[in-house]
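Here is an informal walk through one protein chain, written for someone who would rather be at the bench. Have the sequence and the 3D view open while you read.

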Amino acid sequence: MLLLSREDIKSVVTMRDMIEANKKAFKMTVDQTIDAPLRTVINGKDNDTFIFMPSYAPDLDVAGIKVIDIFPNNIDQGLMTSPAQVLLIDGTNGYVIALMDGTYVTQLRTGASSGAAFDLLAKQECKKGAMIGTGGQAATQLEAMLTARKLETVKIFDLNEERCKAFAKEMQEELADYGAEIVPAKSSDDCIEDADLIITVTPSSKPVFDGTKVKAGATLSCVGTYEPHKHEMDPEILKRASKIICDSKEAALAETGDLLIPISDGIITENDIQGSLGDVINGTIKGRENDDEIIVYETVGVAAQDLVASKIIYDKAKKAGIGMNW
């Protein structure tokens, strides 16, 4: 069994690798060439959550399971909010072939989900980005945004002003090669003003931006909400959106309040949700048709992403001789 740390993974794959892995995973999901049941969720104390995500891809001869735990209060203790591990299993003999840092795999594939959406749905000419939230998933979300489009500036907002400033400063240094100016915003309104690409990545149970202030032509990726009683997305944006597309429509309609609450309130219906990103890849539904459309992408995460990403990481690590054999 190969043990792969965050540093090992970072040394063998790029964000572009992960974006392409996500596209493959989303296509496999709609093509039904991967068996990825809806996640099993066990609620813990104080809004803590234990999540188990199994999957199997016969064509890749690989199976896997990710165990990820969501502990929102960890951020106040200087700990990760979503610690995780991924077990990769040889589909021909059932042996576990790798154990890898699932937290970083999650960060990579979740960021890459937004990157894949922006690749497929955003205008070609984008100059300004916006991101609300600076938790454990934020850094890779930002890198994916910068990978998908060449941006001039990205504004960052978080309710914790000091954390927001520190995050923006750290990211400006870490992602300097992308050439964008990364700055803290004064408010959520200031953050999304004139933004072409918008990411929300918070655990909020109420909207974190004003949907009436999103400009025409913007593409939004709403990442943080995976529970039916929470919605970080302002339902007003759904009234203005030309298209609503999910990583997995089935999973999103089973899990996220971003869609379930507006459906319950009669703001939209299930029919207003066009489908999954894999449908766009396959050409069965249309992506962006003009530069004035507002397109909303809702992602809750599916196990297919973890499996395909982990397989690519494993293959590249084996080829490069990276990791510890156990």
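What follows goes from the overall fold to the main sheet, then to the cysteines and a cavity.

**The whole chain**

First, a caveat: this is a predicted model. The chain has 11 helices and 15 strands. Its radius of gyration is 19 Å, close to the 20 Å that the globule rule gives for 326 residues, so the chain is as compact as a globular protein of that length. If you lay the C-alpha trace along its principal axes, it spans about 55 × 40 × 40 Å. As for burial, 55% of the 326 residues count as buried.

**The parallel sheet**

Now to the sheet. Strands of a sheet pair through backbone hydrogen bonds, either parallel or antiparallel. Here, 8 strands make an open sheet with parallel pairing, and the order across it is β9-β8-β7-β10-β11-β14-β12-β13. Which strands stand at the edges? They are β9 (181-184) and β13 (275-276); each has a single partner strand, so one side of each is left without a neighbour in the sheet.

Moving inwards, β11 (residues 219-222) is a good strand to look at, as both of its faces are covered. T219 and S221 are buried on one side, and L220 and C222 are buried on the other. On the β10 side, S221 is the bridge partner of I199. On the β14 side, T219 stands opposite I295. That I295 in β14 also has K243 standing opposite.

These are the pairings around β11 and β14:

| Strand pair | Sense | Bridges |
|---|---|---|
| β10 (residues 197-200) and β11 | parallel | 4 bridges |
| β11 and β14 (residues 295-298) | parallel | 4 bridges |
| β12 (residues 243-246) and β14 | parallel | 4 bridges |

**The cysteines**

How many disulfides does the structure hold? The count is 0. Two of the cysteines help to show why. The sulfur of C164 has its closest cysteine sulfur in C191, 7.7 Å away, which is too far for a bond. For C222, back in β11, the closest cysteine sulfur belongs to C246 and lies 10 Å away, again too far for a bond. The cut-off for calling a disulfide is a sulfur pair within 2.5 Å. Both of these side chains come from buried residues: C164 has a relative accessible area of 2%, and C222 is at 0% relative accessibility.

**The cavity**

Searching the whole structure turns up 1 cavity of 30 Å³ or more. About 40 Å³ of space lies in this largest cavity. Which residues line it? The lining consists of M53, S55, G64, I65, K66, V86, L87, L88, A303, D306, L307 and S310.

Several elements share the job. At least two lining residues each come from β3 (49-57), β4 (62-70), β5 (84-90) and α11 (303-320). The largest share, 4 residues, is from α11. By chemistry, the lining divides into 7 nonpolar, 3 polar and 2 charged residues.

**Where to look**

To put the sheet in view, start at β11 and find β10 paired with it on one hand and β14 on the other. For the cavity, start from α11, which gives 4 residues to the lining.

Methods: Residues numbered from 1 in each chain as written. Predicted model: local features only at pLDDT ≥ 70, side-chain atom pairs only at ≥ 80, totals over all residues. Heavy atoms only, no water. Buried < 20%, exposed > 50% of the residue type's maximum accessible area, 1.4 Å probe, protein only. Pairing = 2+ DSSP bridges. 1 Å grid on protein atoms, 1.4 Å probe; cavity = no way out; pocket = protein on both sides within 12 Å on 5 of 7 lines; lining within 4 Å. Points joined across faces, edges and corners; volume = space filled by probe spheres on them. Nonpolar A, V, L, I, M, F, W, Y, C, P; charged D, E, K, R; others polar. Rg over C-alpha atoms; globule rule 2.2 N^0.38 Å.
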